[in-house]
Every structure is written in C-alpha cells, then in structure tokens.
Amino acid sequence: MTVFLNSLTPKFYVALTGTSSLISGLIFIFEWWYFHKHGTSFIEQVSVSHLRPLMGGTESSISEPGSPSNNRESETSRQNLSECKVWRNPLNLFRGAEYRRYTWVTGKEPLTYYDMNLSAQDHQTFFTCDTDFLRPSDTVMQKAWRERNPPARIKAAYQALELNNDCATAYVLLAEEEATTIVDAERLFKQALKAGETIYRRSQQCQHQSPQHEAQLRRDTNVLVYIKRRLAMCARKLGRIREAVKIMRDLMKEFPPLTMLNIHENLLESLLELQAYADVQAVLAKYDDISLPKSAAICYTAALLKTRTVSDKFSPETASRRGLSTAEINAVEAIHRAVEFNPHVPKYLLEMKSLILPPEHILKRGDSEAIAYAFFHLQHWKRIEGALHLLQCTWEGTFRMIPYPLEKGHLFYPYPSCTETADRELLPSFHHVSVYPKKEIPFFIHFTAGLCSSTAMIAFLTHQFPEIMGVFAKAVLGFSCLQPRHPQFLSKTHKI
C-alpha cells in the first residue's frame, strides 16, 4: 500500500480532482435541470422508486383526483385573460358603520385609495346612466359618486334629497357612508327601498319606448338589487338570519341574470350560520360548476362539508396505521382542491396569520380573497369539531401534488403570477401580504451543489499547488488505509 501511494504523482492528483469536479458539476447541472422540469429531485425519485422497494420499504399514498380534461389548454388560455380581474367583494362592510369605526379606534385606514377608486367606478357604472340629466337629483348624484372627499359626497346626497325626496341613490350613499351603526344604515336602506321600488315600476312601464329608457331600467334594476342585498346583509348582521336568507333567495329568483354579483356567496355564509348544511350543499350543487368562476367561498365550503362528516373522529396516528377511509379521502381531496385554488386561506383559518378588515374588492386566488373568506367563515370552521385539526394535518400536502413549475397547474388553471402586485394595491400598507408558497429545494440539490463546490475548490488548489496537495492526499489516503481496526483497539477507544 505504501509503495502504491508513493507511486502516485501530483499530475495524477490534478487529473483525478479535475475529473471528479467535472463529474460532480455535471451531476449538479442535471439535478437542477430535472428539478425545474419535473419539480422533484432525480436522485430522490430514483431512491424512492427503485432503491426503497429493493430494501423492503413501502410507501403509502392517498389517491389523487383525476387529471383535468383534454381541453385544458383552451381553458388555461381563457382563464389567463382574466386571471388578475378584480371583483367586488360580495361581503364588503359598510364604510360608515364598520370601516370608519375601525379608523376611530385604531387610527389606521383599512381601505386603500386604489380600492376606493374601484368602488367609485362601480358606483358610476351601476348607479348612473345617460338619462340622468332628465332628473336634477340624479345629475347631482352623478357628481357625488365622482367626489373623492367623503364629506363632499354626503353633502351632495343631501342636496339631491332636497331636489327629490325619493332619490334612492342618495339614501344609499348616506346609508353606506354617513350611518355610524348598522341600525341607522338599515333605516336609510329601507327609505331607499321604498323610493327604489317606485322608480323601478315606473321604468318598467316605459322600457320599450327608447334605448334610453332601457338603459334607465337597467340602472334602476341595479339600484333595487343593491338595496335589497344590503338590507339582507343588515338583517344578517343584526341576527335576523332567516329574514336575510329569504331576501337573498328572492333576489336570486327574481333577477337570475345578476349572478355576476355573487349573491349566492352571501347566501352560503348565512346558511352556514343557520347550520343548514343540506341547504348549503344544494347551493353548492348549483354553483360549483367548472364553467363558472370558482371562488374561495365555494371551494372551502365544499371542503368544510366533506370534512364535517369525518373530522370529529379523525386521528393522524390511526389513519397512518389503517389507511384512510373513502370519506376521509374525499375530505382530504376537497381540502387539496381548495388549497390549490387559494393557498393563502389556511394560515388565516388556523390563526397562523392575523386577520384584518377585508377590502371592498378582492382578487380571486389572492391574499385579499383569503382575508375576505376567513373574516366571515372562520367561525363556521371552529363550530365543527375537528375541522381545523384535519385542515392543519393535510393542507400542506397540496404543494407536493401541484406540478412544478407552477404554470402547469393541477386541478385549476395555473396560479396567476400577478396576484402579489394586485394585492399590494388592494390591501393596506400595515398588512404583510401573503405570497404563494415557494417549493423548497430538495436536500440532494444542496448536496450536489456542495459536492460540486468542494471538488472544484480541491481541483483549483491541486492545480495551483500540486506538490503540497499531493503530500496532503498521500497523508489522507495513508491514514485511512493504515487505521487500526482490531477489536481490542476499538474497545479501548470506546472506553476512552
């Protein structure tokens, strides 16, 4: 052995370390490329798939849901066009009775200028039309919706009421922004409803006279639906939940084309408060369809209903021993589906992150939607025994199922990359915006990177100082080859 070590020349060490550096570098490059293409480590996959069965290991897994349909690419392209569309929050709070009271208590502004500007655009779209010049009160309100200063808007609403005591939109503005309690807001909305119904019936009689009259009917319809919806929300906040449910159901029957307002999400929340789970399932069966825009409320409510059937008896230890039952698999798959749609919700439901007041607009699959959902639905998850525990045990498994990179998607169209930017505009500056969880780099990539770096460093030192590195290599090899291994030495070493 000594003769063999002495026969090794410095050039041999240079060649040996250079070759090992090249090989480890190629391994690292291949490993990194494979991870970015397939989302998993090649070495880890080979060890799990081929080496573990040879060594007698087993691996249990939960059956994954079916793959998307064949028209996935067309669905993806269609969804990408509106992936960062901002939606009106179906459960938005009242500015005067809730948002402003929060500012009085904390000194913080819960709404951003961008969010309020979007609301101003909504008001101008829903509450104004080209025939406003025919009625002086509507002309004043058209200017009121464009005002940025809240006192100026309130003053304009009173001016409109002086011109016409039956100006429904003036009552709406006062109920939203001047009323400091829900009771006051409800009183003003009832006055708005009385005026709005009169104007709506009058517009119905004249709708076929001209295109201008048709536009006026659309505006008056929007006003009437908005008032009834807000009255239902007042009743819900004041504890008259059955009354709220009736108003919402009547709205959905009377104005079915206005599904874009997502009134069914208000209905779902109220039915959950009543614990009418059969009625909740009936609503989901109608609106949880692939052709309709998904929402966190739909996906997580569906997961909650399936979780409810198994959560009270669920135990991770028991499930790992006997495997998951069919009902448990369905519940886990529903949670995975919901988390893939909006991955930000679980941290709010599990109270790992603080809630704030939801904005007036939300971004589907974004942090703003997660806040809006959790703000109203956390109590429903807490009410069901074990539901949050099952969510805590299973939600992170979703990210191991989603293909990587993220633009591939799994059950839904790919997660939008612009959500973080839009959420920063919608949410106040004091809130730390949640971002999509990044996939962790596997251990083997870190290992190959370290191996590549160390061998490259050794190769560089050997090239620069071949004599010194040759002596060092001989010493290391000699020490490893001449290490005593007889039992007496090992026992003495162990005693020491």
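**Arg-229**

I started in helix α11, where Arg-229 has its place. This is a predicted model, so I read everything below as prediction. Arg-229 caught my eye since it is buried yet has no salt bridge. How far away is the nearest side chain of opposite charge? I looked it up: that is Glu-265, at 6.9 Å. A salt bridge needs nitrogen and carboxyl oxygen within 4 Å, so 6.9 Å does not make the cut for Arg-229 and Glu-265.

Next I listed what Arg-229 does touch. Leaving out residues up to four places away in sequence, I got Pro-90, Leu-251, Leu-261, Asn-262, Ile-263 and Asn-266.

**Lys-228 and Glu-254**

I stayed in α11, which covers residues 211-237, and moved to Lys-228. Which side chain does Lys-228 meet in a salt bridge? The partner is Glu-254, with N to O at 3.6 Å. The pair links distant parts of the chain, as Glu-254 sits in helix α12 (residues 241-254), 26 residues apart from Lys-228.

I then checked burial at both ends. Lys-228 comes out buried at 17% relative accessible area, while Glu-254 is partly exposed at 43%. The 17% for Lys-228 counts as buried because the cut-off is under 20%.

**Other salt bridges**

I ran the search over the whole structure and got 20 salt bridges. I noted a few of them.

- Arg-424 pairs with Glu-420 at 2.7 Å, N to O. Both lie in helix α22 (residues 419-426), four residues apart, which is about one turn of the helix. Are these two buried or partly exposed? Arg-424 is partly exposed at 47%, and Glu-420 is partly exposed at 30%.
- Glu-328 pairs with Arg-322 at 3.1 Å, N to O. I looked up Glu-328 and found it buried, with 5% relative accessibility.
- Arg-95, Arg-153, Glu-177 and Glu-360 are linked in a network of salt bridges.

**Helix α5**

Arg-95 from that network took me to helix α5, residues 95-106. Which residues of α5 are buried? I wrote down Arg-95, Gly-96, Ala-97, Glu-98, Tyr-99 and Thr-103. The buried residues of α5 pack against five helices that I jotted down by name: α6 (113-127), α8 (150-163), α9 (168-177), α10 (182-205) and α11. So α11 turned up again, this time as a packing partner of α5. I also looked just past the end of α5: Gly-107 follows, and its phi is positive, near 75°.

**Cysteines**

How many disulfides are there? My count came to zero. For the record, such a link is a covalent bond between the sulfur atoms of two cysteines. I checked accessibility for Cys-299 and Cys-393 anyway. Cys-299 is buried, with a relative accessible area of 0%, whereas Cys-393 is partly exposed at 39%.

**Whole chain**

I finished with the overall numbers. The protein chain has 25 helices and two strands. Of its 496 residues, 46% are buried. What share of the contacts between residues at least 6 apart in sequence join residues at least 24 apart? I got 72%. The protein chain exposes about 26,900 Å², and carbon and sulfur atoms supply 58% of that area.

How values were computed. Residues are numbered from 1 along each chain as its sequence is written. This is a predicted model: local features need pLDDT of at least 70, side-chain atom pairs count only at pLDDT 80 or more; totals for chains, interfaces and linings use all residues. Side-chain values use heavy atoms; hydrogens and water are left out. A disulfide is a pair of cysteine sulfur atoms within 2.5 Å. Buried means under 20% relative accessible area, exposed over 50%, partly exposed in between (1.4 Å probe, protein chains only). Contact means heavy atoms within 4.5 Å. Lys and Arg count as positive and Asp and Glu as negative; His and the chain ends are not counted. Accessible areas come from the Shrake-Rupley method with a 1.4 Å probe; for residues, only the protein chains shown count as cover.
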